[in-house]
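Work through the following exercises with the sequence and the model side by side. Each task is followed by a solution in steps.

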Amino acid sequence: MHFEVWAPQADRVTLQVQSTAQPMERDPGRAGWWTAEAPAADGARYGFLLDDGPLLPDPRSRRQPDGPDGPSAVVEHDRFAWTSDSPGRRLPTAVLYEMHVGTYTPEGTFDAAAARLGHLVDLGVTHVELMPVCPFPGTHGWGYEGVSLWAVHEPYGGPEGLKRFVDKAHAHGLGVVLDVVHNHLGPSGNHLPAFGPYFTDTHHTPWGSAVNLDAPGSDEVRAYLLGSALAWLRDYRIDGLRLDAVHALADTRALTFLEELSTAVDELAAERGRPLFLIAESDLCDPRTTAPRETGGLGLHAQWNDDFHHALHTALTSESQGYYADFARWPLAALAKTLTHVFFHDGTYSAFRGRTHGRPVNRVRTPAHRFLGYAQTHDQIGNRALGDRLGATLSPGLLACAAALVLTGPFVPMLFMGEEWGAGTPWQFFTDHTDPELAEAVRNGRRREFAAHGWAEEKIPDPQDPATRDRSCLDWTEPARPAHARLLAWHRALIALRRGQPDLADPDLAAVRVAFDERARWLTFRRGDIRIAVNLAGEPARIPLGGNGTRVLAAWEPVRPPGPDGVLHLPGESCVVLGPA
């Protein structure tokens, strides 16, 4: 078997396979690369010793069976017997479902999650978006402190477990999207600096030194990240990637890493004959993130729209702290703007940032499916002090309104696991750091962060306490209970409507029409011949829709279509979808 590693700073590199060590040779055609041939089979443990130092895992390790600090293991991808092809579902008609493997079920494994995929088929979603699955210390965590960017977290089931999950999802007709993190690696178990200049002090990020995308040695670092991304799509048959916090990728080169990545993914999609896509998380409010490369954009296929979330959240909850302050003064006006213009901050002043922020979206040229819309995500729940979902404080009627705005809105909808039935379980911040000092630092840092906002430290869940993770697991007895079952049925009905009504798949942002009354707390919007009305107030609303000849396609509470006067009488904390008679 051929082994190779990039270690430009080493004078000697030794390969150890099982208990046998042998020197590696420099590759004369590639600066900094070392190669060797050695007998090995699937599962064989191996690693590299740099200048007679300790055994280190392979930066391109496909498997870390003993955790991030242990030796790597050989993975022969061709040994897996695939039974299903990708359903080839495209992003413009998608409904995504964000899932954390470790808390989707109490078992916290790929196999246990796969056993629950029938629920998602019945719900009507098209893609499962897995939160990061790269190895991290311990058993349980969010996944954003992963290392070994080519490997799969062993407690979830390792490489074979992920393949089984993807294969079963494809058999159910579901696509699979994977969240990948390129802007930083975890503080524990990260051995890349020993091998080469994977990080640079030229830039600094919230996590410390930046991943090296533009300093000396960055060609190889880019190739490392690019190879990792393509491996998920090729070796695991993943259908798309979600790119974490791309605004934190410090990259001053003329051809950016994201352009390189989008080009490579488009080429792989053409080669494989199936849709592949990239979804960015970005807080820049910049339409160039998803604009085609030939027009000067980065060529990513979609991006999360946090402005829509923030406007919706403030309209539902009246919260005004932190970044919600910019949206909370006139929340329905903010929501109307995001429904029609995508970004609330499109060159407007942001009091939270203390400066002007964002750039306008060209509504004529930009299709709505370049953006994802959502009411809840792992970030927006888990980064709250108690990890409380909207259902902890909102009525079922308001949750139904949120679902209507997301699932009939112009953007590609995304749900966070359990949202579809109004899960009563929180989703809290939890870690399982094996380094006692790091564990204590994370625990104290979390408490200090929220103490600054008035929270008593003893009220903040301990991230290291196993009970914090256990509380965050979905309770699968809830969907059968009447209140939860009703909300689940509502989500199913809305997703079926989105699939069955062509107007709800129209990507024309310029065609969306919105009316609202800030004081009365109602909002209505029109997509073709479909009208959606929500009443966020506690009392009934009289909404002047104009015209008649409509029928009720779906309603949270019993409601009649507008009469000859064109007025819709909508109960409090309720919503309706109307279509032509």
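**Exercise 1.** How far apart are the mean positions of the positive and negative charges of the chain?

*Solution.* This is a predicted model, in which local features need pLDDT of at least 70 and side-chain atom pairs count only at pLDDT 80 or more, while totals for chains, interfaces and linings use all residues. Residues are numbered from 1 along each chain as its sequence is written, and side-chain values use heavy atoms, with hydrogens and water left out. Count Lys and Arg as positive and Asp and Glu as negative, leaving out His and the chain ends, and place each charge at NZ of Lys, CZ of Arg, CG of Asp or CD of Glu. The chain then has 54 positive and 72 negative charges, and their mean positions are 7 Å apart.

**Exercise 2.** Which elements does the salt bridge between Arg222 and Glu260 tie together?

*Solution.* A salt bridge requires a side-chain nitrogen of Lys or Arg within 4 Å of a carboxyl oxygen of Asp or Glu; for Arg222 and Glu260 the closest N and O atoms are 2.5 Å apart. Arg222 belongs to helix 6 (residues 218–235) and Glu260 to helix 7 (residues 257–272), so the bridge joins parts 38 residues apart in sequence. Arg222 is buried (under 20% relative accessible area, with a 1.4 Å probe and protein chains only; exposed is over 50%, partly exposed in between), its own value being 3%, whereas Glu260 is partly exposed at 28%.

**Exercise 3.** Where do Glu440 and Arg443 lie?

*Solution.* Both residues are in helix 13 (residues 436–451), three residues apart, about one turn of the helix. Their salt bridge has its closest N and O atoms 2.3 Å apart.

Terms used. Helix = DSSP H or I, 4+ residues; strand = E, 2+ residues; numbered from the N terminus.
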